[in-house]
Amino acid sequence: MPVLGMLRASFAGQQPFAGLTIACCLHLTAETAVLVRTLTAGGALVHLAASNPLSTQDDIAAALAAEPGVTVQARSGVDRGGYYEHIHRVLDSQPDLVMDDGGDLVNALHEARAELVSGVRGGCEATSTGAARLRRMAAAGSLGFPMIAAELSAITRMIDHKYGTGQSVLDGILRATNTLVAGKTVVVAGFGPCGSGIAERARGLGAQVLVTEVNPVRALDAIMQGFRVMPMSAAAPLGEIVITATGSREVVGAAEIAVLPDGAMLANAGHFDVEIDVAALTAAAVEVHPAVRPHADEYLLADGRRLILLAEGRVVNLVAAEGNPAAVMDTSFAVQALALAWLAGAVEGQIGDQDAPRGLVLDVPASIDAQVASLTLASLGTRIDELTDAQLRYLQSWRQGS
Ligand SMILES: NC(=O)c1ccc[n+]([C@@H]2O[C@H](COP(=O)([O-])OP(=O)(O)OC[C@H]3O[C@@H](n4cnc5c(N)ncnc54)[C@H](O)[C@@H]3O)[C@@H](O)[C@H]2O)c1
């Protein structure tokens, strides 16, 4: 992760987090460990809980917990009670800054630990779904500190959601099923950055890709990119592989389960496990054959059709594969680390000693995207042109035309 490596070296000199405590709720993976080391190199005390018990790597958790300046509350497979207990133990640290992935830590902080809210300078949210929850909190006047939505960063949407998730979701499906994608009809629900990346990668493997959307602009974009767009009611009977990436719920529900073809495989890429209605699938089944392959459960329906649910309807790329490749997390975490440093008021020329407005969901400053892009290009050994003085003057002037 060369970009975080470069940031770690500069943070070690600048100490942007000197004396600050950061509470994190993130997927507990090796890449997250590199992020945590970047934050501690910058002077932070980091308290880390896992944002998904199924993606927790216990060996990484143990190794991180042994490092100075870090505590870890995580164990793979803990139940819901254990998950929230870990979040509360992390909040016991009385954080100055927070990093969240899905919004559960910020939510618990406001709902159950309101006495801590005033002490938090701000934080960063990694996912679209978490950011959407934050925006609802902000609209209701219930968000007590500024949160930066990393998902809106141009870098994150491009590298992480589109190219990273696009690839790793297909990777998860292939590992769980070893199916031949070429010639299959793949339905992708949602054409945001994630869905469009998944659709492109499925097409690259030779699938016929159908897209479902509720947003007319995104639907039009899918058509212009050469995908067929139709309602889920029309796509479901054709879907040999159905992938949800909407951030919404019950996108594949009882009505779709009733018409999906025999052998259809169902996978979810959205943050929460509510996009495929697993309860409806269970209710429709006369028999469930768990783990016919690792992370693939077969549901036998009364009419003899078999549907294959991957990763129990949870994020398929994290459960059945290894999530995003390290190179993707390198850029995403670099954006988040710089965003936190910006909130800490420590990156010269970006926020100075001013507080960011409380209770708002903020975009990642464009300068941070540019900084991460420049570092990534440097890590790739790629040089780009610079504007000449004459070009700069021309572009800045409104007097010069044709
Ligand atoms: N698996 C991963 O590694 C990973 C990575 C990043 C984001 N995510 C998650 O993936 C989901 C999508 O992320 P994104 O960045 O593309 O978000 P996005 O909000 O930009 O795009 C989601 C799209 O789904 C559409 N949509 C909503 N409800 C729908 C429905 N019922 N039917 C069809 N389309 C519908 C929306 O109109 C939107 O265009 C989110 O839950 C996000 O948290 C997962």
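Glu312 counts as partly exposed because its relative accessibility is 45%, where partly exposed lies between buried, under 20% relative accessible area, and exposed, over 50% (1.4 Å probe, protein chains only). The structure is a predicted model, in which local features need pLDDT of at least 70, side-chain atom pairs count only at pLDDT 80 or more, and totals for chains, interfaces and linings use all residues. Residues are numbered from 1 along each chain as its sequence is written, and side-chain values use heavy atoms, with hydrogens and water left out.

Glu312 has a partner in Arg314, with which it forms a salt bridge whose closest N and O atoms are 3.8 Å apart. A salt bridge is defined here as a side-chain nitrogen of Lys or Arg within 4 Å of a carboxyl oxygen of Asp or Glu. Such pairing is possible because side chains of opposite charge can pair when their charged atoms come close. Arg314 is partly exposed, with a relative accessible area of 28%.

Elsewhere, salt bridges that share partners join Asp92, Arg113 and Glu115 into one network. Within this network, the side chains of Arg113 and Glu115 meet at 3.4 Å, N to O. Are these two residues buried or exposed? Arg113 is buried, because its relative accessible area is 14%, whereas Glu115 is exposed, because its relative accessibility is 54%. By the rule for salt bridges, the count comes to 16.

Another salt bridge is that of Arg175 with Asp171, where the closest N and O atoms are 3.0 Å apart. Where do these two residues lie? Both are in helix α7 (residues 154–177), four residues apart, which is about one turn of the helix. Helices (H or I, at least four residues) and strands (E, at least two) are DSSP runs, numbered from the N terminus. Both partners are partly exposed: Arg175 has a relative accessibility of 40%, and Asp171 has a relative accessible area of 26%.

Asp171 also leads to another part of the chain. Leu318 and Asp171 are 147 residues apart in sequence, yet their C-alpha atoms are 9.9 Å apart in space. Leu318 belongs to helix α13 (residues 316–319) and is partly exposed, with a relative accessible area of 22%.

The next topic is the ligand. Of the 25 residues around the ligand (each with a heavy atom within 4 Å of it), Thr129, His161, Glu213, Arg218 and Asn317 come nearest. Polar contacts are pairs of N or O atoms within 3.5 Å; within protein, one atom must be able to donate a hydrogen and the other to accept it, and residues adjacent in sequence count only if both atoms are side-chain atoms. An oxygen atom of the ligand is 2.8 Å from an N or O atom in the side chain of Arg218, and the distance for Asn317 is likewise 2.8 Å. For the side chain of Arg157, the corresponding distance is 3.2 Å.
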